[in-house]
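Me: Here is a structure I would like to go through by asking how each term is justified. Please set each value against its definition.

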Amino acid sequence: MDSGKNRPPFTFERGGRQIIGVVHLLPLPGSPRGRPLPEILGRCTRDASALIEGGVDAIIVENFGDVPFLPGRVAPETVAAMSLAVANVIERVSHTRCGVGVNVLRNDADSALAIASVTGAQFIRVNVHTSAMLTDQGWIEGRAAETLRRRASLGHCGAAGSAGKIEIAADIAVKHALAPAGFNLCEAARDATARGLADAVIVTGVATGAPPAEDDLRAVREAVPDAILIAGSGTTRDSVGQILDIADATIVGSWLKVDGDVEKEIDLERVRTLVCEARG
């Protein structure tokens, strides 16, 4: 696997108007609807190639097809399959400035860090980094203390971020979940950055494909003005400009698919259209 040492640097940029495309992996071996590995890697390659050709700034790879998700640690075969998929994407971006990230659903930051460290991916997404959320997997508690210590123990083995570390993008009130009583979005954002040491915070809508409320984006922007702010769901051609006037980056999955259908493959023309709109 590529150690990442020869890869161009990628990092989140304040005011960067960055587009992060998603490679939604087909159900992995060992999951209830698991597909053959060649089929999974073939789809991964096609989607990643379309995102790169379309001009995205980064790609995040996630085990989207593995429903129902586990609340904690995933199985070894999931880590193995995701490592192959991420390495596949890393190979395709090796001569570009496109970054690569990992999201191990539902909340396995430890495995995401391990995959990133051996493949050279530069960031991970953590759905519940601090606080706690009530999800369809039950209560999931943030494990920022463990995640940051694990990252420190891995050192610089393959990470290619500008600070020589795997960057952590942490969701605040993640989609497909309910916040506990007394939860405050702005306080949660401050805690994630100041106490959880997240490198970026993500604000989403209530579900896959649902946009975050503009008021929520603006409130978090004001609460953590120096932090990287990422819109995590629901971005379209019509909304991307407005979203990036507030956020520094946006993660786009559903709208980039054929017919906007999250189950279909990436549509190259949709990628080009959205990137063009983002650049304004």
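The exchange below takes up a helix, a strand, a cavity and a second helix.

Reply: This is a predicted model, in which local features need pLDDT of at least 70, side-chain atom pairs count only at pLDDT 80 or more, and totals for chains, interfaces and linings use all residues. Residues are numbered from 1 along each chain as its sequence is written, and side-chain values use heavy atoms, with hydrogens and water left out.

Me: Why is helix H3 called largely enclosed by the rest of the structure?
Reply: Buried means under 20% relative accessible area, exposed over 50%, and partly exposed in between (1.4 Å probe, protein chains only). Helix H3 (residues 109–119) has 8 of its 11 residues buried, so the description applies. Among the buried residues are Leu113, Ile115 and Thr119. Helices (H or I, at least four residues) and strands (E, at least two) are DSSP runs, numbered from the N terminus.

Me: What covers the buried residues of H3?
Reply: Contact means heavy atoms within 4.5 Å. The cover includes helix H2 (76–93), strand E3 (99–103), E4 and helix H4 (144–154). Just after H3, Gly120 takes a positive phi of about 95°.

Me: What makes E7 mostly covered?
Reply: In E7, 6 of its 6 residues are buried. Glu167, Ala169 and Asp171 lie on one side, with Ile168, Ala170 and Ile172 on the other, so both faces are covered.

Me: How do you know that E7 pairs with E4 in the parallel sense?
Reply: Two strands pair if DSSP finds at least two bridges between them. Strand E4 (residues 123–126) and E7 have 4 bridges, in the parallel sense, and Val126 stands opposite Ala170. E7 and E9 also run parallel, joined by 4 bridges; there Ile172 has Val203 as its partner.

Me: Which residues of helix H6 are buried, and why are they said to be on the same side?
Reply: In H6 (residues 214–223), Leu217, Val220, Arg221 and Ala223 are buried. They cover an arc of only 165° around the axis, which puts them on the same side of H6. The arc is that of the directions from the helix axis to the C-beta atoms. The face turned away carries the exposed residues Asp215 and Glu222.

Me: How many residues in the lining of the largest cavity are nonpolar, polar and charged?
Reply: Ala, Val, Leu, Ile, Met, Phe, Trp, Tyr, Cys and Pro count as nonpolar, Asp, Glu, Lys and Arg as charged, and the others, Gly among them, as polar. The lining divides into 8 nonpolar, 3 polar and 1 charged.
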